[in-house]
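Work through the exercises below with the sequence and the coordinates open side by side. Each task is followed by a solution that proceeds step by step.

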Amino acid sequence: ISIEPLLSHDFVTLNDYLEAVMSENDVSFVNITGKNKQVLGVHFSEGLENVQDIVTPNPDNPNMPMISHIPHGNLAVFEYPITFNKENLGLITLGLDSQSADQSLMNNVINLSMVIFVVWFIAGMGVFLIFRHRVSGPLQTVVSSAYDIAHLKFDKTVPVTGANEIGQLALAFNEMRVQLRTAVEARNQSMQELQELNANLEERVTERTQELEKLNREVAYQALHDPLTGLANRLLIMERIGFLISQTHRNKRSFAVLMIDLDNFKDVNDTLGHPVGDALLRQVAERLQSVLRESDLVGRLGGDEFALLLQDQDKDSARLVANKIHQVMQERIIIEGHTLTSSGSIGIAICPEHGEDQTTLLRCADVAMYHAKRTNAGVSLYSTDIDIHSLQR
């Protein structure tokens, strides 16, 4: 009751409360101090003014509910904190006549203990009888059902014996059993669906992987082959020349680079159109592949220029192959009712005699090819003489 006047600083009301406390039997003095240990009010019975020093709150532990029980003749001192919303507002110190209070307290304790003992004894016997006849059996049934649920057996229900707590427990247990069974069934269904999804996902991943592999192969093929003729493009030709050069360094065996340019191909495009020219290029590509070995490579550098790589060939054997190719190319070709002759000029360069890098070999073969075209020789082998003449031209 002292919280409200302490919060509102109503010391008149607080003094009235202290006087009311002093009116109680066995109260010798009462003292109240604020949170800053200032004395807010104090009342003593007659003859106890000289004990003010022992009723001052202990400054070391002002918040303890019972700090001291200090005897002073027949006087006992108790201290109680006053708190509100976990904030310490002050401290009440109460002095009681210890003999009267102790005797009264002892009598009350004895009487209360006897009453409590009798009540607890009667209640214990009643609970024991009720538990023995009405609780133990249903609880054993609940325990058995709980054991079944723990092993995922949901068929047995707990019998409801009444509307008491045991009956309500049985109802709640049966509802829990139904919910658990539903949850387990839903989980099993989800697991089955998840397994099916995983199987479908693995199948789709496999399909996508195969598609990606196929796409990668197609992309790699397109990156290294001519889209019109399907022959190797300039990039693949350069890579293969580099590979053959490294082999030449190891086994000391030469190879030949042939450059082919079709004669009068521009006239075909201008006269019959580019579709006929493209068909002519495809026919020439097929003829070149039919003449070469599997170990050789034929590619299209662009336009009407082709390059051939002949492994293990010197200048004499390379010239024989070039002459054979020149003869095959002179055979007539019929495209869309037009009879055409795909004659061409062929230049030959030998590695390592004429060069040991891709650029030099292709340049030498190109110089020899233009010499064959200029002299109408059909086939020409590179030499420094024609190279000097080419540079001067």
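The exercises move from the whole chain to a sheet, then to two helix contacts and two single residues.

The model is predicted, so that local features need pLDDT of at least 70 and side-chain atom pairs count only at pLDDT 80 or more, while totals for chains, interfaces and linings use all residues. Residues are numbered from 1 along each chain as its sequence is written, and side-chain values use heavy atoms, with hydrogens and water left out.

**Exercise 1. The chain as a whole**

Task: state how many helices and strands the protein chain has, and what percentage of its residues is buried.

Solution. Begin with the DSSP runs, in which helices are H or I over at least four residues and strands are E over at least two, numbered from the N terminus; the protein chain has 11 helices and 11 strands. Next, take buried to mean under 20% relative accessible area, with exposed over 50% and partly exposed in between (1.4 Å probe, protein chains only); of the 393 residues in the protein chain, 35% are buried. Finally, with contact meaning heavy atoms within 4.5 Å, consider the contacts between residues at least 6 apart in sequence: 54% of them join residues at least 24 apart.

**Exercise 2. A sheet of 4 strands**

Task: determine the order of the 4 strands in the open sheet, and identify which are the edge strands.

Solution. Two strands pair if DSSP finds at least two bridges between them. On that basis the order is β2-β1-β4-β3, with antiparallel pairing in an open sheet. The edge strands, each pairing on one side only, are β2 (39-44) and β3, and from one strand to the next the twist averages 15 degrees.

Now follow the pairings across the sheet.

- β1 and β2 run antiparallel and are joined by 5 bridges, with valine 30 opposite histidine 43 in β2; their hairpin has 4 residues between the strands, and lysine 37 there takes a positive phi near 70 degrees.
- β1 (residues 27-34) pairs with β4 (residues 87-97) in the antiparallel sense over 7 bridges, where phenylalanine 29 stands opposite glycine 95 and asparagine 31 stands opposite threonine 93.
- β3 (residues 75-84) pairs with β4 in the antiparallel sense over 10 bridges; leucine 75 has aspartate 97 as its bridge partner in β4, and proline 81 has leucine 91. In the hairpin of β3 and β4, with 2 residues between the strands, asparagine 85 takes a positive phi near 55 degrees.

As a last step, examine burial: β1 is largely enclosed by the rest of the structure, because 8 of its 8 residues are buried.

**Exercise 3. Two helix contacts**

Task: decide how α7 and α8 are oriented to each other, and how α6 is oriented to α10.

Solution. Axes are lines fitted to C-alpha atoms, for helices over the stretch in contact, and angles run from 0 to 180 degrees between N-to-C directions. Angles under 35 degrees count as roughly parallel, over 145 as roughly antiparallel, 65 to 115 as roughly perpendicular and the rest as oblique.

For α7 (residues 265-272) and α8 (residues 274-291), the axes come within 6 Å and cross at roughly 140 degrees; the two helices are therefore oblique to each other. Phe265, Val268, Asn269 and Leu272 of α7 make the contact with His274, Val276, Gly277, Leu280 and Leu281 of α8.

For α6 (residues 234-251) and α10, the axes come within 9 Å and cross at roughly 110 degrees, which makes α6 roughly perpendicular to α10. Here Met238, Ile241, Gly242 and Ile245 of α6 meet Gln358, Thr359, Leu361 and Leu362 of α10.

**Exercise 4. Two residues in their surroundings**

Task: is histidine 354 buried or exposed, and which side chain does the side chain of serine 345 contact?

Solution. Histidine 354 lies in the loop between β10 (344-351) and α10 (358-375), and counts as buried because its relative accessibility is 13%. Its side chain reaches the backbone oxygen of tyrosine 382 at 3.4 Å. Not counting residues up to four places away in sequence, histidine 354 touches several residues, among them Ile348, Thr360, Cys364 and Leu381.

Serine 345 is placed in strand β10 and, at 3% relative accessibility, counts as buried. Its side chain makes a polar contact with the side chain of aspartate 263 (3.1 Å), a polar contact being a pair of N or O atoms within 3.5 Å, of which, within protein, one must be able to donate a hydrogen and the other to accept it, while residues adjacent in sequence count only if both atoms are side-chain atoms.
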